[in-house]
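Student: Could you take me through the salt bridges in this one? I'd like a close look at a single pair, and then how the others sit around it.

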Amino acid sequence: MLGGGIAAWLLLPDPRHWAAAMLAAGAVGCAALAGGGGGRLGRAVAVGAAVLALGVALIWWRADRVAAPVLARAAIVAVEGQATAVEPLPARALVRVTLVALRWQAPVPDPAPRRIRVNLAAADVPAGLSPGATIRLRARLMPPAPPAVPGAYDFARVAWFQKWGATGRGFAPVAVIRPGEVRADARARLTRHIESRLDGSAGGIAAALATGSTGAIGEPDAEAMRRAGLAHLLSVSGLHITAVVALVMLVVSRLLALSVRVALTGRVPLLAGSAAALAAIGYTWLAGAEVPTIRSCVAALMILAAIALGREAITMRLVAVGALIVLAAWPEALAGPSFQLSFAAVTAIVALHEHAPLRAFLSPRGERWPRRLGRGFVSLLVTGLVVEAALMPIAAFHFHRAGLYGALANLVAIPLTTFVVMPAEAAALALDAVGLGAPLWWVAGQGIALLLAIARHVAAAPGAVAAVPAMPAGAFALMVSGGLWFALWRTRWRRWGALPFAIGAAWALATPPPDLIVTGDGRHLGLRTDDGRVAMLRDRGGDYVRDTLGEAGGARVEGDDAAPTLLSDLPAARCNRDLCRIARGGREVLATRSAFLVPAARLVPLCRRADVVVSERRLPRRCRARWLTLDRATLERTGGVAVTFATGRIVTVRRARDRHPWVVAVDDAAMKGRPARYRMQAWWPMR
């Protein structure tokens, strides 16, 4: 219910609706107490309603608490600031720097952000640039970008809660006014040490397993891991925390057992568990304390406490407490795929292993090791399939892709990582203190090479990844609700969870992919072809634009080296340097594709014959399409647009009267100085 209140705040548009949701929850709670007759059901409903209202208030308070100025529009600026974070990205030859305590040189942007993030080319990074350093540079800054098209990643929301007022690219020279810390933090030192021991993506994966830093993993290898369903191995989470806790408990308990006096006290498990708890906390800090790591650390601490108290450790209460702690500290995490994937996987595993038939199947019994091994193999396979089923709707909603062979890949990759790569890496790090770690680094490197080979083979298999267009939020909500219902009940009532899940899945599958996708700036559009690809308007759209348009349109997944499909190459298209015309789905689309102005005498007749007109510029008033005109003025109000011709469905990034703070901050800054009449019209929904 706490998550439901947070989700309600994110979905509802403005403060009136947020307040109404809190009041409605309060009314339901009061009615339950008044009419419940003092029974358990009435109290449960009242508590649930109160916690839902608390969720709305919590995320509302959090959004106001982190409020900071946001840059109004793109600008090239000169700025001086203190670096609070310096994150190398070797695979991209970049260094990402977060700056605070900013001092702007004229002209000063209005409003002036207080915290920015810039990327520097690795070759431009001067000596002395480390956390705490004060630097001066010129940079091209942009406001944090909203979703380019419906269903795309909302960086503006993420940046708001991180207090980033602008992001961009810095230019050489970068002057260090005051050097930072001479010694880098432990995480950075360990990351650099691991990357120096193994070359390329192998070093990046080894660093990710130890510190959570993924900057050295090449993009082709990272994409192969994602397609194979192995990307969770690159985020320090339950698997990694479990391995560390188990290894520390094993080693410490064996060492303590060497003392007869200590062993006879019966406190070896308690002392070993305490050492494992300290190791889990230290590993969480070392890995950057991301949401999956914190959740896994909390779960590990609760398991150790349950073992110390003689209680059953793996229960849904474990998952609930971990979720409450994360949401209480970072309520905005609920909207991110990291939180959803992490908790969905753990919830599915716990619900599965609480199921009585499976518990009976896995219970210890006197049998030979081949049967025990086979039983464990079946358990791992069933668990993998259940987890894949739980994660598939979330991956489809956020990433518009669904992996089909992830369970089989994880069947090999998880034992390989847990029992070969991570122990070899840990031992190699320990032996590096005396210069004897090279043989074990070779073992870890071979294990990672095998892991990458599995990822590449699975990713290249036919049908390994299925493209899924952006699904309606209602369909996703039904599937999540059904999954939670099915997981939380222990009686036959749980079967009813299959109904909303099936309805949501059918709704998502029945939603046709959009025929036309237009980015919020109007520069790029994608048109879905008959063979399932998305054709781009501009020849130089780039990989990011191609991926964004393709994912939103549910385009057929192709290799990374595949040439983009261009609108001008389609037989039905009529394109020149400035314009493109094409008929699709019974609609004629006209789009401008250059920065040159087309004479109105030629453009207006073409507009009037077209059903849809798309342009990055503000078109003349006479240039209006028969159905839909998406020029600069319209797209400023709507953001990116997705259109389905057969049904006439139009989905926009921006919603009418959306008053979430990351939207209001940019709008208020951009509208400053404009006529009042224009400021009012900017809030009108698209007609």
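Tutor: Let's start with Glu 354, which is buried at a relative accessible area of 19%; buried means under 20%, exposed over 50%, and partly exposed in between, using a 1.4 Å probe and protein chains only. Its partner Arg 490 is exposed, at 62%. Their side chains meet in a salt bridge, 3.1 Å from N to O, where the term means a side-chain nitrogen of Lys or Arg within 4 Å of a carboxyl oxygen of Asp or Glu. Glu 354 belongs to helix H13 (residues 337-354) and Arg 490 to the loop between helix H18 (473-488) and helix H19 (498-510), so the pair ties together parts 136 residues apart in sequence. Helices (H or I, at least four residues) and strands (E, at least two) are DSSP runs, numbered from the N terminus.

This is a predicted model, so local features need pLDDT (the predictor's confidence in each residue, from 0 to 100) of at least 70 and side-chain atom pairs count only at 80 or more, while totals for chains, interfaces and linings use all residues. Residues are numbered from 1 along each chain as its sequence is written, and side-chain values use heavy atoms, leaving out hydrogens and water.

Now the others: the structure holds 21 salt bridges. Among them, Arg 584 and Asp 515 pair at 3.9 Å, N to O. That one links strand S12 (residues 579-584) to the loop between H19 and strand S8 (516-518), 69 residues apart, and both partners are buried. Elsewhere, Glu 219, Glu 223, Arg 226 and Arg 227 are joined into one network by salt bridges that share partners.
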